[in-house]
Amino acid sequence: MIATAAPPSSTAENPSADRYLDVPGARLRYRDEGRGPAVMLLHGWTLDLEMWDPQVAGLRSDLRLVRFDRRGSGHDATDMAALCRHLNIARIALIGMSQGARASLQFAAKAPEIVSALILDGPPALDGAAAEDDVPIAHLREVLESRGVEAFRREWRSHPLVQLRSRDPAIRQLVDRMIERYAAQDLDARDAIPPLSLDSMPAPTLILSGEFDLSSRLRTAARLRAQLRAAEHVVVPDAGHLINLDQPKIYNELCRSFLARHAIISTD
């Protein structure tokens, strides 16, 4: 069972307010919303904690949802542990999208006693060579260096990994705003991908793929399903890589149902 300690009183007074935690070398922006079993949500590259707005709106009545702006560059597991200590959370489920899925696996491998369940959304390859096939880092770095951050953002906005199937203007504006906020400061220090053993991963795992995600991501999801002892894989129809934004209702119900089995929440 996941710890269900209430959020700090200041969060309860204004549950959607940004909070900040000072950690070595950075100040993390985070939000702590809802009540119930604790779940940490980890966003993908060039996005931020606001990508999870539809999930917080739909799940906060059942779950305590902690989300933060990942700084990447190998700091994820350390930052996740610092947030858990700061918020007095002893047991937590993780929902990680894209790079956030890799960070979730790394944290679960380092601290299996803390992680009750994993939801891995559009996971990338776990080795650097294959990951480069998905995201053309060398090209994007050249665009940034030669033409500046605005050109980088325009180039990245056309990449398949950030294309939406949803026609909802609010969702499309949300993605645009997040990419406009991305400063490309970690482009020269993309996450190192340390060796990761999946054999001893005990947490029950749900792997989610969008029907129209990259074929490489669908292959990675299938490999993870075969490697992880307690995993299931669901392909969400009419969704690309940004499943939670393309199909928020389906995504929320998949998460709710899975966590109801592993985090003891109400399904009423």
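This briefing walks through the overall make-up of the chain, two of its strands with their neighbours, and one pair of packed helices. The model is predicted. Its chain holds 11 helices and 8 strands, and 54% of its 268 residues are buried. Among contacts with a separation of 6 or more, 73% come from residues 24 or more positions apart.

**Strand 3 and its partners**

- A good place to start is strand 3, residues 38-42, where 5 of 5 residues are buried.
- A38, M40 and L42 point one way from this strand, while V39 and L41 point the other way. Residues on both sides are buried.
- That pattern fits a general rule: in a regular strand, side chains alternate between the two faces of the sheet.
- Strand 4 (residues 64-68) pairs with strand 3 in the parallel sense, over 4 bridges. Here M40 has V66 as its bridge partner.
- To get from strand 3 to strand 4, the chain passes through helix 2 (residues 53-59), making a right-handed β-α-β crossover.
- Strand 3 also runs parallel to strand 5, and 4 bridges join them. L41 of strand 3 has I95 of strand 5 as its bridge partner.

**Strand 6 and its partners**

- Strand 6 covers residues 115-121, and 7 of its 7 residues are buried.
- Strand 5 (residues 92-97) pairs with strand 6 over 6 bridges, in the parallel sense. Within this pairing, L94 stands opposite L118 of strand 6.
- Between strand 5 and strand 6 the chain travels through helix 4 (residues 99-110), and this β-α-β crossover is right-handed.
- Strand 6 is also joined to strand 7 (residues 205-210) by 4 bridges, and these two strands run parallel. L118 appears again here, standing opposite T205 in strand 7.

**Helix 6 against helix 7**

- Two packed helices are described by the angle between their axes and the distance between the axes.
- For helix 6 (residues 137-147) and helix 7 (residues 149-157), the angle is about 145 degrees and the axes are 7 Å apart. Their crossing is right-handed.
- Which residues meet in this contact? Helix 6 brings H139, L140, V143, L144 and R147, and helix 7 brings V149, A151, F152, E155 and W156.
- By type, the residues of this contact divide into 7 nonpolar, 1 polar and 2 charged.

Terms used
Residues numbered from 1 in each chain as written. Predicted model: local features only at pLDDT ≥ 70, side-chain atom pairs only at ≥ 80, totals over all residues. Heavy atoms only, no water. Axes fitted to C-alpha atoms, helices over the stretch in contact; angles between N-to-C directions. Left-handed = near helix turned anticlockwise from the far one by under 90°. Contact = heavy atoms within 4.5 Å. Nonpolar A, V, L, I, M, F, W, Y, C, P; charged D, E, K, R; others polar. Buried < 20%, exposed > 50% of the residue type's maximum accessible area, 1.4 Å probe, protein only. Pairing = 2+ DSSP bridges. Right-handed = clockwise from strand over helix to strand, strands pointing away.
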